[in-house]
Amino acid sequence: MATEHSRATARLMISPAVLLLLAWMIVPLALTLYFSFLRYNLLMPGMEEWAGFLNYKFFLTDPAFFSAVWKTLELVGGVLIITVVGGILLALLLDQQFWGQGAVRILVIAPFFVMPTVSALVWKNMFMNPVNGLFAYLAKVFGLPPFDFLAQAPMLSIIMIVAWEWLPFATLILLTALQSLDSEQLEAAEMDGASFISRFFYIVLPHLSRAITVVILIQTIFLLSTFAEILVTTNGGPGTATTNLTYLVYVQSLLQFDVGGGSAGGVVAIILANIVAIFLMRMIGKNLDA
Amino acid sequence: MARAVSTRRKITFTVIAWVIGIAIFFPILWTILTSFKTEGEAIASPPSFLFFDWTLENYTTVQERSNYFLHFWNSVVISLGSTVLGLIIAIPAAWSMAFVPGKRTKDVLMWMLSTKMLPPVGVLIPIYLLFRDAGLLDTRTGLVVVLTLMNLPIIVWMLYTYFREIPGEILEAARMDGAGLREEIIYILTPMAVPGIASTLLLNVILAWNEAFWTLNLTAANAAPLTAFIASYSSPEGLFYAKLSAASTMAIAPILILGWFSQKQLVRGLTFGAVK
């Protein structure tokens, strides 16, 4: 029963948010796109000239680019596997009856609230340091040689750190989904003699599929942009062993001052992220109709 | 109906769950403990767990050496400032979309969400250059602006999902009883909307407090919030474990506490209502 008058008011109320977001999206995007076609280095001001697709050519044929795309996939894939599998197991565990459910839940969720720079530095220094870290001490107790995590297995170490940060998120969402499962259905299956394994694969997992998809998509969006953890632990190294696409663009633009090349990289990063985004948007859009 | 669970089964799960819970929490616990040690004890082998001389010296040292409080205050201003500004812009928008939905409301919502999918690194250069030219690099104002825009879609979405649950019939009933628009907003909508607004505020303060892309790239000594300040410990000061721990403990404590209150909103806010 909205009147013409209230519709006009409604439009007026939405417009600040829409206009701001529109500006936030269009202005920088247009500039990135424009810069990506320029030869533009901050160290040589006033020397900008049209470069056509040269930046893209350099960026896309640079071995560092393929390495960075591969590292990005490694990081995203590794973290997703750990957090989804771990999250399902943890959610199943937290869904059981035991003493101190609320307290354990709080312990499990806590890592999500730790800022990335803190968690990366704590893991790097106090756990993974080959001399003074706790893991080195444990290795000594068991008579093993110390392992220099960030030098010998840099990507795996970063995957571990980032997975620790995101495990709570996956767990919390999967637990929420699990709790909406009709327990009578499970009881009926149990009475009919279905084992735990078959109950899990035929009832629980299908029920969780939607939540799992949401976890994967949302985490992917954030994980594609992993930056702080790499900056404070390895600086993308050793060599380029932990340089993902975000970090590569950062190096090119803010450390080498190559605005043109960095922008071309940025455009590539946007395209890759959009491929994931399309799937996520479809999922959420469907939910909006329901 | 809850199933009767045998005591043995319950004990087993209690043990497993607590062991795993403490293992996951351990890095945080260890950081807190280390912050009360001396530097010598912090790297002692074997490590001391509880039986060491507890000291507060690291906390005072961190403040004296690096003006910790300035960075803490930056974090407060930036996270609260960007969230409040975001709410001011988002409340009217979410309000009208929830109560006066038009044909294009859904499209607008989806489009807002899509801006969130833009990887920050894709617009790093233009924002950096625009900020440089506008004199906004390393200022709190600059970061408030960026984080407001970054989180605006989440704020609008969260508010929208909350507002949508306020039944429209209540408004009609109030109108029948002769309430004007002003009374409607003050006496009916606001009290019903406050919980939703509060949880949106909470979650977005957390997100802004921990944001570590723009804060690292757009600040230096003056406007650096805690995320960027702690990053300066990456080397070689990070080797002073006790001080690193003290700085870290203070940086995460407020958000850890806020976070525990916002567990439920977290799911809803970060999945844009797709999982409730």
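**Two odd backbone spots**

With a relative accessibility of 30%, A:Phe257 falls in the partly exposed class (buried is under 20%, exposed over 50%, partly exposed in between, with a 1.4 Å probe and protein chains only). This is a predicted model, where local features need pLDDT of at least 70, side-chain atom pairs pLDDT 80 or more, totals for chains, interfaces and linings use all residues, and side-chain values use heavy atoms without hydrogens or water. Residues count from 1 along each chain as written, with chains lettered from A and ligands numbered from 1 in written order.

What makes A:Phe257 worth a look is its phi, a positive value of about 60 degrees in a residue that is not a glycine. Most residues other than glycine have a negative phi. You'll find A:Phe257 in the loop that joins α12 (245–255) to α13 of chain A. Chain B has a case of its own: B:Asp138 isn't a glycine either, and its phi is positive, near 55 degrees. B:Asp138 sits in the loop between α6 (124–134) and α7 of chain B. Is B:Asp138 buried or exposed? B:Asp138 counts as buried, with a relative accessibility of 16%.

**The largest cavity**

The count comes to three cavities of 30 Å³ or more (a cavity is a set of points on a 1 Å grid where a 1.4 Å probe fits but cannot get out, and its lining residues have an atom within 4 Å of a point). The largest cavity has a volume of about 880 Å³. Its lining takes in 41 residues, and those nearest the centre are A:Trp166, A:Phe222, B:Asn210, B:Glu211 and B:Ala212. Chain A elements that give two or more residues to this lining are α1 (4–35), α8 (154–179), α10 (196–223), α11 (228–233) and α13 (259–289), and chain B adds α5 (105–116), α7 (140–163) and α9 (181–210).

Which element gives the most to the lining of the largest cavity? That's α7(B), with five residues. By class, the lining of the largest cavity splits into 32 nonpolar, five polar and four charged residues.

**The second largest cavity**

Next comes a space of about 50 Å³, the second largest cavity. Residues from both chains line it, among them A:Val114, A:Trp123, A:Trp164, B:Pro27, B:Thr31 and B:Ile252. Two elements, α5 (116–127) of chain A and α1 of chain B, each supply at least two lining residues. The largest share, four residues, comes from α5(A). There are no charged residues in the lining of the second largest cavity, just eight nonpolar and two polar ones.

**Chain B as a whole**

Chain B has 13 helices and zero strands (DSSP runs of at least four residues for helices and at least two for strands). Its C-alpha atoms fill a box of roughly 75 × 70 × 35 Å along the principal axes. Of its 276 residues, 54% count as buried.

The mean pLDDT of chain B is 85 (pLDDT is the predictor's confidence in each residue, from 0 to 100). In chain B, 95% of residues reach 70 or more. Among the elements of chain B, helix α1 (residues 7–34) has the highest mean pLDDT, 93, and helix α13 (residues 263–270) the lowest, 73.

**A domain record for chain A**

For chain A, an unreviewed UniProt entry lists "domain: ABC transmembrane type-1" at residues 69–280. In the model, residues 69–280 of chain A are 76% helix and 0% strand, and the end C-alpha atoms of the span lie 21 Å apart.

Notes:
UniProt positions renumbered as here; feature names shortened; annotations may be inferred. 1 Å grid on protein atoms, 1.4 Å probe; cavity = no way out; pocket = protein on both sides within 12 Å on 5 of 7 lines; lining within 4 Å. Points joined across faces, edges and corners; volume = space filled by probe spheres on them. Nonpolar A, V, L, I, M, F, W, Y, C, P; charged D, E, K, R; others polar.
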